[in-house]
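Colleague: I'd like a close look at just one part of this model, please. Pick a spot with some empty space, and walk me through what surrounds it.

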Amino acid sequence: MLAGGSSFSNGHNRPRRAKGPSRDSRGAAHRLLTSSPASSHDRISPPECTESDRAYFDSYAHVGIHEEMIKDHVRTETYRAAIMRHRDSIAGRVVMDVGSGTGILSIFCAFAGALRVYAVEASEIAAQAKEVVRANNLSEKVIVLHGRVEDIKIDEKVDIIISEWMGYMLLYECMLASVIYARDKWLKPGGLILPSHATLYMAPVTHSDRYCESVDFWRDVYGIDMSSMIPLAKQCAFEEPSVETITGENVLTWPYVVKFVDCYTVEAHELESITTNYQFSSMMRAPLHGFAFWFDVEFNGPPTLSSANGLQFLPGGSYSDSYINGSNNRTKRTKSDETIVLSTAPEDDPTHWQQTLLYFYDPIDVQQDQIIEGSITLSQSKENARFLNIHLEYSSGGRSFVKESVMR
């Protein structure tokens with residue numbers, strides 16, 4: 001599942017839960033292990049479940065988070081469309097839903113003809129998920145497992161892994177590591193992962209209304225000069241990243257790719273710290289108030305190698321070798337008509353992820369074609385690996401700055 005709420009205090013991400021040996025026509029109950037000989041894929045050591053992990057899972061026991069996510073029609077309908085697009089790969093096969101929440105994606109997979117679906121959920125919402133499955137007469141097909149995917153035990157590998165793992169700014173909440181663990185331990189060679197690829201973007205933005213609302217307001221409050229409040233107001237409004245909705249009109253340039261993730265090959269250690277250098281050329285004269293971040297994910301089939309065409313993704317994959325090998329496009333990539341994309345970009349339909357804004361304390365006036373450049377590092381917090389440390393260096397017009405923030 002995904003982050004809930006529009007502020008970070010309640011923005012926590014997917015869990016998994018429930019047990020319950022159900023049976024299908026092939027006797028699914030016997031596939032749940034109490035003890036069995038360890039195979040090679042069982043010997044992957046699970047990471048420790050920390051206090052911060054438990055707090056994170058507890059936050060997903062609240063129905064409001066799941067209601068918000070399910071009511072996000074862009075999110076939910078895109079997942080359903082992707083499942084139905086891949087129904088030929090799902091029908092008659094075994095699926096694992098990592099962080100299944102209320103079980104809606106697991107049920108979509110059952111509707112697509114899955115032989116069996118393991119709905120893995122670490123939060124207490126799994127108890128309700130099991131009731132939802134029963135109410136839809138799917139207990140023989142959808143098996144709700146209460147626990148972390150790192151801790152559950154089944155005695156078969158799976159053909160498909162599906163997960164809605166994306167957090168604000170894509171990587172907040174660090175749930176992708178659990179998907180990677182499930183992939184390495186449970187996914188059959190050549191298996192399907194949905195979504196298959198993800199891309200995090202950034203772009204400079206102008207947002208005078210937001211700045212006026214939070215800062216300039218204090219200059220004249222009912223005829224009273226309260227400008228002495230401005231330093232504190234800037235700190236309170238702009239110290240931490242802000243999740244809010246902007247439009248394409250706020251964006252000053254084409255976006256830059258911060259990180260491309262291939263879910264078939266990415267390793268967890270690659271996500272611990274990400275650094276990239278960027279350079280933009282402003283398309284207009286405007287005050288630069290900060291940077292916006294958003295992401296998209298694609299639902300492609302597993303990669304195949306073709307001697308004629310190089311690396312391909314099925315069906316309708318849109319990634320070229322040069323892109324995967326690190327070419328930094330600043331423009332959005334063209335998607336094929338067959339590729340299903342879930343986008344959180346400002347110009348697309350809004351989602352509950354919105355966009356993540358990193359505001360400066362003071363805007364910078366930029367001219368058309370003026371260069372904005374620097375670097376950004378995103379790293380897992382030592383305080384809590386689900387938090388995101390942000391180190392931003394930026395310069396323009398001969399002035400250089402550094403901004404550090406934590407997404408909690």
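Modeller: Happy to! A quick word on terms: the helices and strands I mention are DSSP runs numbered from the N terminus, with at least four residues for a helix and at least two for a strand. Please also keep in mind that this is a predicted model.

Let's start with the enclosed space. Searching the whole structure turns up 1 cavity of 30 Å³ or more, and the space in this largest cavity is about 100 Å³. Its lining is made by 13 residues, and those nearest the centre are Leu171, Cys174, Leu176, Leu271 and Gln380. At least two lining residues come from helix 7, and at least two from strand 15. In character, the lining of the cavity is 12 nonpolar residues, 1 polar and no charged.

The largest pocket is the other space to look at, with a volume of about 390 Å³. There are 23 residues lining the pocket, and Pro47, Glu150, Cys174, Ala177 and Ser178 are the closest to its centre. Two or more lining residues come from helix 1 (51-59) and from helix 7 (176-186), and it is helix 7 that gives the largest share, 5 residues. Here the lining splits into 9 nonpolar, 5 polar and 9 charged residues. Cys174 is worth finding on your screen: it is listed among the residues closest to the centre of the pocket and among those nearest the centre of the cavity.

That brings us to helix 7 itself. Most of this helix is covered, with 9 of its 11 residues buried. The buried ones are Leu176, Ser178, Val179, Ile180, Tyr181, Ala182, Arg183, Lys185 and Trp186, so "buried" here, meaning under 20% relative accessible area, applies to charged side chains such as Arg183 and Lys185 as well. Among the elements that cover these buried residues are strand 1 (94-98), strand 4 (158-163), strand 5 (187-194) and strand 8 (256-262).

From the helix we can step into the nonpolar interior. The largest nonpolar core has 98 residues, and Met96, Met202 and Phe291 touch the most other members. Setting aside neighbours within four places in sequence, Met96 contacts Ala182 and Trp186, along with others including Tyr118, Val120, Val149, Ile152 and Ile162. Ala182 and Trp186 are buried residues of helix 7. There is also a second, separate core of 16 residues, with Phe238, Val251, Ala292 and Leu357 among its members.

Back at strand 15, which shares in the lining of the cavity, have a look at the loop just before it. Gln370 sits in that loop, between strand 14 (355-366) and strand 15 (371-380). Gln370 counts as buried because its relative accessibility is 18%, and the cut-off for buried is under 20%. Its side chain comes to 3.0 Å from the backbone nitrogen of Gln367. Beyond residues up to four places away in sequence, Gln370 touches Phe280, Ser281, Ser282, Asp365, Ser396 and Gly397.

To place all this in the wider chain: the protein has 10 helices and 17 strands, and 55% of its 408 residues count as buried. Of the contacts with a separation of 6 or more, 77% join residues 24 or more positions apart.

How values were computed. Residues numbered from 1 in each chain as written. Predicted model: local features only at pLDDT ≥ 70, side-chain atom pairs only at ≥ 80, totals over all residues. Heavy atoms only, no water. 1 Å grid on protein atoms, 1.4 Å probe; cavity = no way out; pocket = protein on both sides within 12 Å on 5 of 7 lines; lining within 4 Å. Points joined across faces, edges and corners; volume = space filled by probe spheres on them. Buried < 20%, exposed > 50% of the residue type's maximum accessible area, 1.4 Å probe, protein only. Polar contact = N/O pair within 3.5 Å; in protein donor to acceptor, adjacent residues only side chain to side chain. Contact = heavy atoms within 4.5 Å. Core = buried A, V, L, I, M, F, W, Y, C linked by side-chain atoms within 4.5 Å.
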